[in-house]
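Here's a quick back-and-forth about cysteines. Take a look at the structure, then follow the reasoning below.

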Amino acid sequence: MAPGGGSCKEVIESRVTFLDYDMATSSADLRGSPLRKTATALSGNLGSTSMNDVHELLECPVCVNLMYPPIYQCPNGHTVCSTCKTRVHNCCPTCRNELGNIRCLALEKVAESLELPCSYQILGCHDIFPYYSKLKHEKNCRYRPYSCPYARAECSVTGDIPFLVMHLKNDHKVDMHDGCTFNHRYVKSNPHEVENATWMLTVFNCFGRQFCLHFEAFHIGMAPVYMAFLRFMGDEDEARQFSYSLEVGGSGRKFMWQGVPRSIRDSHWKVRDSQDGLIIQRNLALYFSGGDRQELKLKVAGRIWKEQ
C-alpha cells in the first residue's frame, strides 16, 4: 500500500469489473501506472509517442471512455474519470486504494495538446478537433447514430437510417408503405375511457426517404385530444426540404393542418409536447367519426411533398 493511501473495501457492482492485480509491492503498481507512462512521454519527445498509446493513457479503466477534467488518480497513480470515481465509491478500480481528490494534472495537460478525430469517423465524419472540443462536437455531429423512432416503448436501439428501417420492420413490426399520399383510419371502441394512448407507428417510403406517422391520445390541460404528426428519418436540415399536410373530416366538414416534418433527432415526446402537428379535440374527433359518437373511427388523410 502506498504511504498515506487509505484502504477501501472491495466493491462489487454490475457493469464494473475490477481487474485482479498483485498487491504484494507498490512498486509493481507504479511501474504500470498511467502517471509514470505520462511522465515518460513528457520527458521524451511527445511526437514519438503513438496516438494509440496516448489514447490508451486517456482511457478510463472502468467505462473505457476518454477521460475529461477532472481526471482523478489514486496514490499509486492509477487514473479514473470523474463519473466512474462516484460509481466505484471512491475506490481505485486497479489497486483498490482510496482515490481521494488528487487530480492528475499531468494527464490533463497532455490532453490539452491533442487533436483527435470524431468518434463517428467510421460513420463518415472526418473532422479533427482539439481534445476538449471533441465532446461538444459529438453531441451534435450529423453522423452520430439515430435513436429508434418507435414510440410505444422506450427502445434503446441506435444506428443509421437503413439499419433503423430494418429494425422497425423486423423487431417492431411496423406498417411500411410506399407512396407520398395516404389514408389511415384510427379506431377505438371506448374512446372516453382512454386517457393516454399511442397507435402503431406507420412508416412511408417517399422520395427515397422515410417518414414516420404518429397518432396519439393525451390531454392538453383538462381537454382530451388526439394528435397526428410526421417525423423525418434524417437530420433537421434535410427535413426542412419537405412539407406535409394532414386532413380529417366528416359530416360535410373538414379540418386541415400543414407543416414541416420534424427530424427523429427530436423525440416523439418533444414533438408531442410542442404541439407541432394536427390536434383535434376528442368531441370533434367523435363527431367526425359519425354514428352515436361512442366509437372513434377517424380517417386521417395526408400528403408529403418536396419543396422546390
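**Cysteine pairs, checked against the cut-offs**

Q: What makes Cys180 and Cys206 a disulfide?
A: In this predicted model, the S to S distance for Cys180 and Cys206 is 1.9 Å. A disulfide needs the sulfurs within 2.5 Å, so the pair qualifies. By that rule, the count comes to one disulfide.

Q: Which parts does the Cys180 and Cys206 pair tie together?
A: Cys180 sits in the loop between β7 (175-178) and β8 (181-188), while Cys206 belongs to strand β10 (residues 202-206), so the bond links parts that are 26 residues apart in sequence.

Q: Why is the disulfide called right-handed?
A: Look at the torsion about the S-S bond of Cys180 and Cys206: it's about 105 degrees, so the disulfide is right-handed.

Q: Why does Cys206 count as buried?
A: Buried means under 20% relative accessible area. Cys206 has 1%, so it counts as buried.

Q: And why is Cys180 called partly exposed?
A: Partly exposed lies between the 20% and 50% cut-offs. Cys180 comes in at 23%, so that's the label it gets.

Q: How do you know that Cys63 has no bond to Cys84?
A: Cys84 holds the closest cysteine sulfur to that of Cys63, but the distance is 3.7 Å, too far for a bond. Cys63 is partly exposed, with a relative accessible area of 23%.

Q: What about Cys118: why no bond to Cys125?
A: The closest cysteine sulfur to that of Cys118 is in Cys125, at 3.8 Å, which is too far for a bond. Cys118 counts as buried, at 3% relative accessibility.

Methods:
Residues are numbered from 1 along each chain as its sequence is written. This is a predicted model: local features need pLDDT of at least 70, side-chain atom pairs count only at pLDDT 80 or more; totals for chains, interfaces and linings use all residues. Side-chain values use heavy atoms; hydrogens and water are left out. Helices (H or I, at least four residues) and strands (E, at least two) are DSSP runs, numbered from the N terminus. Buried means under 20% relative accessible area, exposed over 50%, partly exposed in between (1.4 Å probe, protein chains only).
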